[in-house]
Amino acid sequence: MITGIVNADFEAIISLSICDSDGKIYTQDAIVDTGFNGWLSLPPDLIDQLNLKWKRRGRAILGDGSECVFNVYEAVVVWDGDYLTIPIDEADSEPLVGMSLMENYQLTVQICEEGSVEIRKVSAV
């Protein structure tokens with residue numbers, strides 16, 4: 001199970017472990033974003049710091065209907081004790097955990113300051 005906390009802005013925050021290009025693990029807080037269907041987004045400065053491998057360009061339709069083109073990198077993250085190689089979308093925002101990373105998990109959030117955030121693996125149906 002992955003746990004976190006709701007901050008004063010009512011954002012669900014969890015800590016992620018992300019490996020740099022040399023395999024060193026860094027811990028980074030990220031906002032759980034149920035409106036983001038990708039895996040994980042990171043800001044350019046963190047991508048540079050981790051020296052992540054560039055993979056391709058990506059496109060997305062934003063909430064306001066505009067289209068965005070961005071770089072996609074690759075990284076290894078520790079997710080619920082497993083090492084996963086996932087795509088990382090570059091975005092000028094706080095790090096965001098998307099719905100693809102939480103596939104086959106249940107998200108429970110107590111919507112109050114300092115409320116709990118829990119992400120649990122669901123049993124196969």
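These are my notebook entries on aromatic pairs, the largest pocket and two backbone angles.

**Entry 1: the model**

I am working from a predicted model. I keep that in mind for each entry below.

**Entry 2: aromatic pairs**

I searched the whole structure for aromatic pairs and found 1. The partners are W79 and Y105. Their ring centres lie 5.7 Å apart. The planes meet at 75°. I noted the pair as edge-to-face, because planes over 60 degrees apart fall in that class.

Next I looked up where the two partners sit. W79 belongs to strand 6, residues 67-79. Y105 belongs to strand 9, residues 105-109. The two parts are 26 residues apart in sequence, so the pair ties together separate stretches of the chain.

Are W79 and Y105 buried or exposed? W79 has a relative accessible area of 2%, so I put it down as buried. Y105 comes out at 15% and is buried too. The cut-off for buried is under 20%, which means that both values qualify.

**Entry 3: the largest pocket**

I then turned to the largest pocket. Its volume is about 460 Å³. I listed 22 lining residues. Which of them lie nearest the centre of the pocket? They are F36, N37, A60, F70 and D89.

I checked which strands supply the lining. Strand 5 (53-61), strand 6 and strand 7 (82-90) each give at least two residues. Strand 5 gives the most, with 5 residues. Strand 6 thus appears twice in my notes: W79 of the aromatic pair lies in it, and it supplies part of this pocket lining.

I also sorted the lining by class. There are 11 nonpolar residues, 6 polar and 5 charged.

**Entry 4: positive phi**

Last, I looked at two residues with a positive phi that are not glycines.

F10 has a phi of about 60°. I found F10 in the loop between strand 1 (2-6) and strand 2 (12-19). Is F10 buried or exposed? Its relative accessibility is 53%, so F10 counts as exposed.

N51 has a phi of about 55°. N51 is in the loop between helix 1 (44-50) and strand 5. Its relative accessible area is 52%, so I wrote N51 down as exposed. Strand 5, on one side of that loop, is also the strand that gives the most to the lining of the largest pocket.

Note on methods:
Residues numbered from 1 in each chain as written. Predicted model: local features only at pLDDT ≥ 70, side-chain atom pairs only at ≥ 80, totals over all residues. Heavy atoms only, no water. Phe/Tyr/Trp six-rings, centres within 6.5 Å; stacked < 30°, edge-to-face > 60°. Helix = DSSP H or I, 4+ residues; strand = E, 2+ residues; numbered from the N terminus. Buried < 20%, exposed > 50% of the residue type's maximum accessible area, 1.4 Å probe, protein only. 1 Å grid on protein atoms, 1.4 Å probe; cavity = no way out; pocket = protein on both sides within 12 Å on 5 of 7 lines; lining within 4 Å. Points joined across faces, edges and corners; volume = space filled by probe spheres on them. Nonpolar A, V, L, I, M, F, W, Y, C, P; charged D, E, K, R; others polar.
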